[in-house]
Amino acid sequence: MEPSDPPFLTFYKKLFDNIPSTKGNDIEALHEANECDDQFEHELPLIDLSCLNQDGFRSEECKREIAEAAQQWGFFQVVNHGVSSEILENMRCEQVKAFKKPFQEKVNGIREFDFLAGNYRWGTPSATCLRQLAWSEAFHVPLTHISTMGGDTSFSTTMKQYTKIVSNLAEKLAEILAEKLGQKPGFFKENCVPSTCYIRMSRYPFCPISPQVFGLVPHTDSDFLTILHQDHVGGLELLRNGKWIAVNPKQGTLLVMIGDLFQAWSNDVYKSVEHRVVANKHFERHSVAYFLCPSYETVIESCGGSSTYRRFSFGEFREQVQDDVKRFGHKVGLPRFVL
Ligand SMILES: O=C(O)CCC(=O)C(=O)O
Ligand SMILES: [Fe+2]
């Protein structure tokens, strides 16, 4: 059978050849750099979205909790979000099957899903050292692609069901966050379009050299907000007050992360949360993320008060991110746009 795993060890051989000896002190230093504090895990905000359908008081209270979590954490977990456990499970199964396709087929584009070469990414082509390498593979699928996917396959049906609910949820949460800033509704409906919103399905193969590489290097998301579903394995961590906190999996829960665009739009009221995925030595892991993005022409400017950031279009932001990744090996992000 043809292999399905990306050839990390052979393709990135140069990076592994340059590893300083990883004995004694070096390994200790790495563990220290990767250290994660489990102590605050229980404090991660968890919000019951069914309250949004209840009487005025309960629903207002729920909106307040959402805005508070976005301000203080840039992150929250949600339950009763409208995606049934059946759809979540189907999505996971379809994703597992898709990643089991031969590596070469994933690279060339999976015909059966109308995927092109560009839909598949793996590793970090720009990495110049192991700490920049992501030990993971992913399919990026814009919403426009999902809605035009042909055939009544279980893959296309599940993708359509999942994205329909999650995209509505993302828009609803974004509108609540805007309302809490005193903004009129409609901005996200008007500007977030199916050609730029996308689903990213990720697989993190088990990694024999963990902790020397990450599954996904520390980053913030370049969108308004992200809705993530992770499987039971764990590995996602977020940065809070200088400490990494593990986001342990809770069945049926979706995770919401504020991205850079919301931070700029809200003039730093909502925080774009830095997060990473730690590679697992023994188990593979899957996750699926939905990114709420505006059209490339959409201008992002502070919705109130004197702004920390200059106005920029989403297209300009993306180009700058790609440029920085090429030049420095990592994203700079919002600091590039500070006035
Ligand atoms: O897999 C995860 O838990 C995180 C994925 C993520 O952060 C991303 O795709 O931007
Ligand atoms: Fe992310």
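Colleague: How far does a polar side-chain atom of R200 lie from an oxygen atom of ligand 1?
Modeller: This is a predicted model, where local features need pLDDT (the predictor's confidence in each residue, from 0 to 100) of at least 70, side-chain atom pairs count only at 80 or more, and totals for chains, interfaces and linings use all residues; side-chain values use heavy atoms, without hydrogens and water. Residues are numbered from 1 along each chain as written, while chains are lettered from A and ligands numbered from 1 in the order written. A polar contact is a pair of N or O atoms within 3.5 Å. For R200 and ligand 1, the distance is 2.9 Å.

Colleague: Which side chain has an N or O atom 2.6 Å from an oxygen atom of ligand 1?
Modeller: The residues around ligand 1 (a heavy atom within 4 Å) include R200, R285 and S287. For R285, the side-chain distance to a ligand oxygen is 2.8 Å. The 2.6 Å distance belongs to S287.

Colleague: How far apart are the end C-alpha atoms of helix 4?
Modeller: Helices are DSSP runs of H or I, at least four residues, and strands are runs of E, at least two. The expected span is 1.5 Å times one less than the number of residues. Helix 4 has 17 residues (56–72), so it should span 24 Å, and the ends agree at 24 Å.

Colleague: What arc do the buried residues of helix 4 cover?
Modeller: S59, C62, K63, I66, A67, A69 and A70 are buried (under 20% relative accessible area, 1.4 Å probe, protein chains only) in helix 4. They lie on the same side of helix 4, because their arc around the axis, taken from the directions to the C-beta atoms, is only 160 degrees.

Technical notes. Buried means under 20% relative accessible area, exposed over 50%, partly exposed in between (1.4 Å probe, protein chains only). A polar contact is a pair of N or O atoms within 3.5 Å; within protein, one must be able to donate a hydrogen and the other to accept it, and residues adjacent in sequence count only if both atoms are side-chain atoms.
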